[in-house]
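Okay, let's get going. Have a look at the structure on the screen, and I'll walk you through the parts I'd like to talk about.

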Amino acid sequence: MQIGCHVSISGSIDKSVDNAVERKCTAFQIFTRNPRGWFAKPLTDEDISNFKSKLKKSGIDRMATCAHMPYLPNLATPKQDGFEKSVKTLISEVERCAELGIPYLVTHLGSHLGSGEEAGIKKLVEGLTKAGQTKNDVVILLENTAGQKNSVGSDFKQLAEIFNQLKPAKKFGICLDTCHAFVSGYDFRKKADVKKVFDEFEKHIGIKNLKILHLNDAKGEIGCNLDRHYHLGLGGIGEEGISEVVKIANKNKIPIILETPIDDERDDFGNIQKAKDLA
Ligand code: MN
Ligand code: MN
Ligand code: ZN
């Protein structure tokens, strides 16, 4: 079982490995820089070698690590300057992953800001294709969305429509977020429902393209389109569904990453333990 959570890089990027080890992670996710700004300081040789040597020593499989794009880029925007900035950031993040030896970069699909799904998807495909041209082995993972207003890629059919346009195909994969899928209408509550959701995923996209699973319960109810993550088993999905998702991920050797909250109820340690118990 490869499981862990999003960990902080506060202090220096190699600290993320310490944070992962402390939480007994066998998989983890990071931001390669501050996710709330456009600017990223280049990685130094020291940053890179410290990260790599700590990761090697940790025993965590490099292939069970991923980075997440910062929040500001919007690849589906109709505004040309914003689009160009977003693509530049995406390419820069792909290159930072390559430098760090991180195989996967998770990206959101953006908002078309009212220009319509067709226009949004066109920009998105254009931007992703540009980033797919970089010469490295980093795979860009499209994360299914919660179905908020003006978003694209919450249903598997549309996600497949976007994914199938991307070339070269080996540079792209999918990150499935269980909270996002649930709040956009996919039922994960009963064991049989979870099976149906994964059958649907297999039919449209293919499990072999699923490289990372974001395992989050949802604060809201099914179909509410509210992107609020919650502690495993305590949200709208519940224990039965989360348990079945974990089993399917394990069977298919897909690394599981938690993006659950930290509060009085539970922290990362508690949620990782919960996932292991439910496995
Ligand atoms: Mn995300
Ligand atoms: Mn996610
Ligand atoms: Zn989310």
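Along the chain, the residues that hold the zinc ion (ligand 3) follow the spacing H-x46-D-x1-H. This is a predicted model, by the way. The protein donors here are His180 through NE2, Asp227 through OD and His229 through NE2, and they lie 2.0 to 2.3 Å from the zinc ion (ligand 3). Where do the two histidines sit? Histidine 180 is in helix H6 and histidine 229 is in strand S9, residues 229–230, so to speak of them as a pair is to link distant parts of the chain, 49 residues apart. Histidine 180 and histidine 229 are both buried.

Now, the zinc has company. From the zinc ion (ligand 3) to the manganese ion (ligand 1) is 5.1 Å. And which residues hold that manganese ion (ligand 1)? On the protein side, the donors are His68 (NE2), His108 (NE2) and Glu143 (OE), at 2.2 to 2.3 Å. Their spacing in sequence reads H-x39-H-x34-E. Because histidine 68 lies in strand S3 and glutamate 143 in strand S5, that pair ties together parts 75 residues apart in sequence. As for exposure, histidine 68 is buried, and glutamate 143 is too.

Keep an eye on that glutamate. Glutamate 143 bridges the manganese ion (ligand 1) and the manganese ion (ligand 2), and those two ions lie 3.3 Å apart. For the manganese ion (ligand 2), the protein donors are Glu143 (OE), Asp177 (OD), His214 (ND1) and Glu259 (OE), lying 2.0 to 2.3 Å away. The spacing this time is E-x33-D-x36-H-x44-E. Again distant parts of the chain get linked: glutamate 143 is in strand S5, residues 139–143, and histidine 214 is in strand S7, residues 210–215, which puts them 71 residues apart. Histidine 214 is buried, as is glutamate 143.

Right, pockets. What is the volume of the largest pocket? It comes to about 410 Å³. There are 19 residues lining the largest pocket, and the closest to its centre are His6, Phe31, Tyr71, His229 and Glu259. You've met two of those already: His229 is a donor of the zinc ion (ligand 3), and Glu259 is a donor of the manganese ion (ligand 2). By class, the lining of the largest pocket splits into 5 nonpolar, 8 polar and 6 charged residues.

The second largest pocket has a volume of about 260 Å³. It is lined by 15 residues, and Ser12, Ile13, Thr32, Lys41 and Asp47 are the closest to its centre. That lining has 6 nonpolar, 5 polar and 4 charged residues.

On to the aromatics. How many aromatic pairs are there? The count is 3. One of them involves phenylalanine 31 and tyrosine 71: the ring centres are 5.4 Å apart and the planes are at 70°, so this pair is edge-to-face. Phenylalanine 31 is in the loop between strand S2 (28–30) and helix H2 (45–58), while tyrosine 71 is in the loop between strand S3 (65–68) and helix H3 (80–100), 40 residues apart. Buried or exposed? Phenylalanine 31 counts as buried because its relative accessibility is 13%, and tyrosine 71, at 42%, counts as partly exposed.

Then there's phenylalanine 156 with tyrosine 186, which is a stacked pair, 4.1 Å centre to centre with 10° between the planes. Phenylalanine 156 is in helix H5, residues 156–163, and tyrosine 186 is in the loop between helix H6 (178–183) and helix H7 (191–204), 30 residues apart. Phenylalanine 156 and tyrosine 186 are both buried. Ring pairs also bring in Phe201, giving a cluster of Phe156, Tyr186 and Phe201.

While we're on rings, take a look at lysine 123. Lysine 123 lies over the face of phenylalanine 83, 4.2 Å from the ring centre.

One last lysine and I'm done. Lysine 167 is in the loop between H5 and strand S6 (172–177). With a relative accessible area of 55%, lysine 167 is exposed. And C-alpha to C-alpha, lysine 167 and alanine 131 are 10.0 Å apart in space, with their positions 36 residues apart in sequence.

How values were computed: Residues numbered from 1 in each chain as written. Chains lettered and ligands numbered in written order. Predicted model: local features only at pLDDT ≥ 70, side-chain atom pairs only at ≥ 80, totals over all residues. Heavy atoms only, no water. Donors = N, O, S within 2.8 Å, 3.2 Å for Na, K, Ca; no water. Helix = DSSP H or I, 4+ residues; strand = E, 2+ residues; numbered from the N terminus. Buried < 20%, exposed > 50% of the residue type's maximum accessible area, 1.4 Å probe, protein only. Phe/Tyr/Trp six-rings, centres within 6.5 Å; stacked < 30°, edge-to-face > 60°. Lys NZ or Arg CZ within 6 Å of the ring centre and 35° of its normal. 1 Å grid on protein atoms, 1.4 Å probe; cavity = no way out; pocket = protein on both sides within 12 Å on 5 of 7 lines; lining within 4 Å. Points joined across faces, edges and corners; volume = space filled by probe spheres on them. Nonpolar A, V, L, I, M, F, W, Y, C, P; charged D, E, K, R; others polar.
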